[in-house]
Amino acid sequence: MSRVEFSDREFELSVPLVIIGGGAAGLVAALSAKAEGIDPLVLERDAVPRGSTALSAGLIPAPGTRWQRAAGVIDTPETFAADILHKADDEPDPNLVRLVTKTIGPTLEWLAEAHGLPFSLVDNFRYPGHSELRMHGLPSRSGEELIDRLRTACEQAGIDILTDAHVDTLIASAGGEIRGIVVERPDGSREEIGCDALILACNGYGGNPALVAEHIPSMREATYFGHPGNQGDALIWGEALDAATRHLGGHQGHGSVAHPVGILISWATVMEGGFQVNAEGRRFSNEAKGYSEQAANVLTQPDGIAWTVFDARIADIARQFEDFRQAEQAKAIVAADTIEELAAKMQVDPAALSSTFNDVEEGKSLGRSDPFGRNFASVPRLIAPYRAVKVTGALFHTQGGLATDGQARVVRQDGSAIENLFAAGGAACGVSGSGASGYLSGNGLLTAVALGRVSGLSAANMLHGA
Ligand SMILES: Cc1cc2nc3c(=O)[nH]c(=O)nc-3n(C[C@H](O)[C@H](O)[C@H](O)COP(=O)(O)OP(=O)(O)OC[C@H]3O[C@@H](n4cnc5c(N)ncnc54)[C@H](O)[C@@H]3O)c2cc1C
């Protein structure tokens, strides 16, 4: 049971910096602090650090990078910030948006140069809402590779990562400054560790059904597709410390998880010219608004499922993603030479599917918007052979959380900072506003990596007495 104990007691074992959580946020924070001469101790509840980071596509948006310049893409933090604020209807804190958009590019370049992470630009697909090509990934385009490379970098840097270490209690002074933590091991033994600074990198509350029902009722029945160990501990501890919280309804959903195999299908299938129909073969929404808000749209269709319809050209683009290749191997992707054959394999009414195809393709040739508001101007036509995949909507991760300042310090409700408590990644409030529709692709790893960097550097500064 997560809780905060208020006590000024001494600890037998004490370290300068504890980081709770070994996902992207925690490991980037650890590498950043270590580079500044601070030895962090990372505590991870699982046997191997993976988190939601390992489940992700590992794609991180960043402006003004050397990879963009090499591809002739002109982009700036200001352009990226404008895209984030536009997607989230100006709800996010503009200072936080400025901080992460300025930090992320240099952080990816630092991870490449100092730790050998071979990022490259996704240059054949522009994610919805991004005005430039700015998504960066590792060669396999998988979060597995991202977390594996970060973990290897930590090992090479001599960073201690204690696994099977579930922190359930924070110990704080009466004034709310962090004194230490209590960790529980799988055999039930408990250990207290004192610390001078603490970074919360234990993500949000997607794995806690009660908190999801309270803060995101539309996702109460949805499959949670993120890491089950993310139980909302940062939120629970923060509230006990009188921390300010923001946008607790904010989340990333996804309207394209292959069903029943449970594999993420790249949204390139839609943005490159595909569309979604329900079990009746009819469209039901403007898919181009974004995959996050599409989760709830799909879940309100009969049986909570939809089909994404696309073609072989789009499948070639999607195949760069490990998940898509896995979906093909799992035979989740249906292939057909004609619309009638496709309808038969999807078990939908062929006349309805054919009529939907006609409407979509007519919209493309005339370059006009459909009744749902999707504009088909310059969207490529679908050409046989066709593909389709049965999908459902899922909750990927929460985006609301603890309010932080420009140094990633957790802020109290009265606006003052808790001097030695930092939050990064899903533990902190992100830049996606208060619902699903504010999530711009990549906002998750953006705040994990950028706030991981800021929190690690800020904690090191604080510990050096700067
Ligand atoms: C299927 C999927 C695809 C996604 N794709 C993308 C994408 O391509 N781009 C993008 O930007 N975002 C994506 N996201 C979101 C992204 O994965 C997350 O935003 C990001 O990984 C969060 O990083 P984190 O370090 O905050 O959390 P995590 O990676 O989840 O790490 C948190 C860690 O804390 C540990 N922990 C939790 N509580 C405790 C505790 N009490 N004690 C000790 N350890 C604890 C957990 O075990 C976990 O290892 C995706 C998410 C999912 C689920």
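**Warm-up: is Thr-76 buried, partly exposed or exposed?**

Before solving it, some ground rules. This is a predicted model, where local features need pLDDT of at least 70, side-chain atom pairs count only at pLDDT 80 or more, and totals for chains, interfaces and linings use all residues. Residues are numbered from 1 along each chain as its sequence is written, and side-chain values use heavy atoms, with hydrogens and water left out.

Solution. Start with the cut-offs: buried is under 20% relative accessible area, exposed is over 50%, and partly exposed is in between (1.4 Å probe, protein chains only). Thr-76 has 30% relative accessibility, so it counts as partly exposed. Now find its place: Thr-76 sits in the loop between helix H3 (66–70) and H4. Helices here are DSSP runs of H or I with at least four residues, strands are runs of E with at least two, and both are numbered from the N terminus. Finally, look across to Lys-102: it is 26 residues from Thr-76 in sequence, and the two C-alpha atoms are 8.5 Å apart in space.

**Exercise 1. Work out how H4 packs against H5.**

Solution. First, get the geometry: H4 (residues 77–87) and H5 (residues 94–115) pack at about 135°, and their axes are 9 Å apart. Axes are lines fitted to C-alpha atoms, for helices over the stretch in contact, and angles run from 0 to 180 degrees between N-to-C directions. Next, name the arrangement: H4 is oblique to H5. For the labels, under 35 degrees is roughly parallel, over 145 roughly antiparallel, 65 to 115 roughly perpendicular, and the rest oblique. Then list who touches whom, with contact meaning heavy atoms within 4.5 Å. H4 brings Pro-77, Phe-80, Ala-81, Ile-84 and Leu-85, while H5 brings Val-97, Thr-101, Lys-102 and Ile-104. Last, sort these by class: seven are nonpolar, one is polar and one is charged. (Ala, Val, Leu, Ile, Met, Phe, Trp, Tyr, Cys and Pro count as nonpolar, Asp, Glu, Lys and Arg as charged, and the others, Gly among them, as polar.)

**Exercise 2. Describe H1 and its packing with H6.**

Solution. Begin with H1 alone: residues 24–35 make 12 residues, reaching 16 Å from first C-alpha to last, close to the 16 Å expected at 1.5 Å a residue. Then check its surroundings: 10 of the 12 residues of H1 are buried, so the helix is largely enclosed by the rest of the structure. Among them are Gly-26, Leu-27 and Ser-32. Now bring in H6 (residues 143–156): the two axes come within 10 Å and cross at roughly 30°. That makes H1 roughly parallel to H6. For the contact, Ala-24, Leu-27, Val-28 and Leu-31 of H1 meet Ile-147, Leu-150, Arg-151, Ala-153 and Cys-154 of H6. The tally is eight nonpolar, no polar and one charged.

**Exercise 3. Track down the unusual backbone spots.**

Solution. Keep the background in mind: most residues other than glycine have a negative phi, and most peptide bonds are trans. Start with the cis bonds. One runs from His-259 to Pro-260, with omega near 5°, and another joins Ala-384 and Pro-385, with omega about 5°. Pro-385 lies in the loop between helix H14 (350–366) and strand S18 (386–398). Then turn to positive phi. Asn-203 has phi near 60°, and at 16% relative accessibility it counts as buried. Lys-331 also has a positive phi, about 60°, but this residue is exposed, at 72%.

Note on methods
Expected span 1.5 Å × (residues − 1).
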